[in-house]
Amino acid sequence: MIRSSNKFEKYYAQWLMAIGVTIIMVEIGILSGWSSPYLAQLTSSDSPLPLTFDQASWVASLLNLGRFVGAITGAITVNYFGSKRTLLLTFVLIGSCWAFTMSADNFIWLYIARTLGGVGLGMTYSCFALYIGEVALPEIRGAVVSLAMAGGGSAGMLVS
């Protein structure tokens, strides 16, 4: 029989990994929901970065275009570098997206930011479940995937 302290030690690193992946999924949710409240502000006349409605529609749409590219890129990257390194690369892409979004002084930077964010989003969805499957033990694998999938994106959209 396994004592509770051994059980804790057995699953501790896996739950820590699950929390890390869930944080990535929260960030993906924030990224996905960002355009809804902020495009109304950016298209108003008193906006610090005024956008036309055409530019605003591109800002909203480029995330999904980048997502398509990211899904293909993620599948290729996982094959060559593994799921862990691919997941770490998504941090760079999503971080770049937020850095460009915060420092944008014209719509081109928002285009670049949303495209990079979409690539990161697509890569994340193509590798996070594989990473969890490689790391988590079968006893907790379902709970860990559910935490990342159900809790992360929805919470991020709510925060956004």
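Student: Is isoleucine 76 buried, partly exposed or exposed?
Tutor: The model is predicted, local features need pLDDT of at least 70, side-chain atom pairs count only at pLDDT 80 or more, and totals for chains, interfaces and linings use all residues. Residues are numbered from 1 along each chain as its sequence is written, and side-chain values use heavy atoms, without hydrogens and water. Isoleucine 76 sits in helix α3, residues 53-81 (helices are DSSP runs of H or I with at least four residues, strands runs of E with at least two, numbered from the N terminus). Because its relative accessibility is 46% (buried is under 20%, exposed over 50%, with a 1.4 Å probe and protein chains only), isoleucine 76 counts as partly exposed.

Student: What is the relative accessibility of alanine 18?
Tutor: Alanine 18 belongs to helix α1, residues 4-33. It counts as buried because its relative accessibility is 0%.

Student: How far apart in space are alanine 18 and valine 135, C-alpha to C-alpha?
Tutor: In sequence, 117 residues separate alanine 18 from valine 135. In space, the C-alpha to C-alpha distance between alanine 18 and valine 135 is 9.6 Å.

Student: Which residue, 121 residues away along the chain, has its C-alpha atom 8.4 Å from that of tryptophan 15?
Tutor: Tryptophan 15 is placed in helix α1 and is partly exposed, with a relative accessible area of 33%. The residue 121 positions away along the chain, with a C-alpha separation of 8.4 Å from tryptophan 15, is alanine 136.

Student: Which element gives the largest share of the lining of the largest pocket?
Tutor: A pocket is an open set of points on a 1 Å grid over the protein atoms alone, where a 1.4 Å probe fits, with protein on both sides within 12 Å along at least five of seven lines; lining residues have an atom within 4 Å of a point. Residues lining the largest pocket include Trp34, Tyr38, Gln41, Trp98 and Leu110. Two or more lining residues come from each of α2 (35-42) and α4 (83-102). The largest share, three residues, comes from α2.

Student: How many residues of that lining are charged?
Tutor: The lining of the largest pocket has eight nonpolar and three polar residues. The number of charged residues in this lining is zero: there are no charged ones.

Student: What percentage of the residues of the chain count as buried?
Tutor: The chain has six helices and zero strands, and its C-alpha atoms fill a box of roughly 70 × 30 × 20 Å along the principal axes. Of its 160 residues, the share that counts as buried is 39%.

Notes:
Ala, Val, Leu, Ile, Met, Phe, Trp, Tyr, Cys and Pro count as nonpolar, Asp, Glu, Lys and Arg as charged, and the others, Gly among them, as polar.
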